[in-house]
Amino acid sequence: MAEKSTAKSPSPGATTSAAAAGPSTTSPKSLPQSPSSPKSPKSASEAEMAGEVVGTEQTIQAADDLGQEDEDDGASALGSDIQSSTGSLSESIYAYRVLHGRTFNAPKTTEYWAPNDDQQNEGLDLLHNCLLMCMGDKLFLAPIDENPQRVLDLGTGTGIWAIDFGDLYPGAEVIGTDLSPIQPAWTPPNVKFEIDDCLLEWTWPANHFDFIHIRALYGSIPDWGELYGKAFKHLKPGGWIQDLEMDVRVQSDHVAIPEDHIFEEWSRAFLEAADKNGRTFRISHGHMMRDNMIAQGFVDVTEVKLKTPCHGWPRDPKLQQAGLLLYAMLDQSIEGFCLYLMTKTLGWTVEEVLIFTARFRAEMKKKSNCGWILTTIVYGRKPEVGET
């Protein structure tokens, strides 16, 4: 269920459902749609057709055929239409290090915990499409203006969100920033990528952007209040910020998961490693994102929490496909997620990491676990000048 800031009333039309909270329903004006961009449902019936998008107090219905476990990796159900195209902005700005056969970026502020190689980057694109389905085929939920001029995608990764936004809003200037030059060489004319570390001083003017988008920076930010404060400074009055972060814990409404289960071990290991690094994975827990935004001065702050399935177990076809995408992402990404944090931070051996990931993968393959990961989306608005 979405939870709204009690400090200020939500913007007119804001709702508690992700399928209804996107730009097509929260803004009084209709938004332009590109033929190549995902369409947003505009009515309750269309929202139902788009998929059973739910909040944390609702239960995703499981399919009836979960008694027989899949022996394959589930990826075959996705087909061959999901492609990842990555490229380099400039060979001279690569500053990678190799750890146990995987490449990681080495920024000025600290070492980043996840790999930046092709295997991991393909997983980012799978996750992007999974999240689109769980959000009712919307790129964002914030009720931004119908004609945004300047948009910042912070931590853009492969650039897929920035490119999709640029296609949807051809009149907007979209900048995607990241530590690694892993974005495609070809982009829409209104989209550009910059290599930048969001923890350093921002060089854009104050009151510059109409919309700042953040996604999946968990485990990499030492002070979330400071990050939101930078966004507040560089947004125009009336501009919007949105942040989407995911938990690292796999939960289930249909199966009891004991404390000694690998899903619980996985969560504890990641939380411990991130806490030791001073860059929490707990940002999506409780109302931390919402409260940090309010503390920095944002108003109309709205929080949406969604259950994102980890396999193709949901009865709803849309969520079933989303679950298969997340499953495929995790299946090819979990070693990369663990290598730096477990070996460098917790002092594990590579062999221990491989055993750990093998145990996690074995349980992840079981559709009957009906696993899901909590996804938290929070958006807020910078007040207009003189607004009280």
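**Group meeting: helix α6 and its neighbours**

Let me start with one residue, Glu363, which sits in helix α9. Before I go on, note that this is a predicted model. Is Glu363 buried or exposed? Its relative accessibility is 17%, and the cut-off for buried is under 20%, so Glu363 counts as buried. Leaving aside residues up to four places away in sequence, Glu363 touches His261, Ile262, Phe263 and Asn369. Two of those names, Ile262 and Phe263, come back in a moment, on the α6 side of a helix contact.

Now the helix pair itself. Helix α9 covers residues 350–364, and its axis comes within 9 Å of the axis of α6, with a crossing angle of roughly 130°. That angle is why α6 is classed as oblique to α9. The crossing of these two helices is left-handed. Which residues make the contact? From α6 there are Ile262, Phe263, Glu265, Trp266 and Ala269. From α9 there are Phe356, Thr357, Arg359, Phe360, Glu363 and Met364. By residue class, the contact of α6 with α9 has 7 nonpolar, 1 polar and 3 charged.

Next, the other partner. Helix α6, residues 262–277, also meets helix α8, residues 317–345; their axes come within 10 Å and cross at roughly 50°. Again the angle makes the pair oblique, α6 to α8. The handedness of this crossing is left-handed. On the α6 side, the residues are Trp266, Ala269, Phe270, Ala273, Lys276 and Asn277. On the α8 side, they are Ile334, Phe337, Cys338, Tyr340, Leu341, Met342 and Thr345. Here the split is 10 nonpolar, 2 polar and 1 charged.

If you have the structure open, look at Trp266 and Ala269. Both are listed in the contact with α8, and both are listed in the contact with α9.

Finally, some totals for the chain. How many helices and strands are there? The chain has 9 helices and 10 strands. Of its 388 residues, 57% are buried, and Glu363 falls in that class. Taking contacts with a separation of 6 or more, 74% are between residues 24 or more positions apart. The exposed area of the chain is about 15800 Å², and 51% of that comes from carbon and sulfur atoms.

Notes. Residues numbered from 1 in each chain as written. Predicted model: local features only at pLDDT ≥ 70, side-chain atom pairs only at ≥ 80, totals over all residues. Heavy atoms only, no water. Axes fitted to C-alpha atoms, helices over the stretch in contact; angles between N-to-C directions. Helix = DSSP H or I, 4+ residues; strand = E, 2+ residues; numbered from the N terminus. Parallel < 35°, antiparallel > 145°, perpendicular 65-115°, else oblique. Left-handed = near helix turned anticlockwise from the far one by under 90°. Contact = heavy atoms within 4.5 Å. Nonpolar A, V, L, I, M, F, W, Y, C, P; charged D, E, K, R; others polar. Buried < 20%, exposed > 50% of the residue type's maximum accessible area, 1.4 Å probe, protein only. Areas by Shrake-Rupley, 256 points an atom, 1.4 Å probe, with all protein chains shown as cover.
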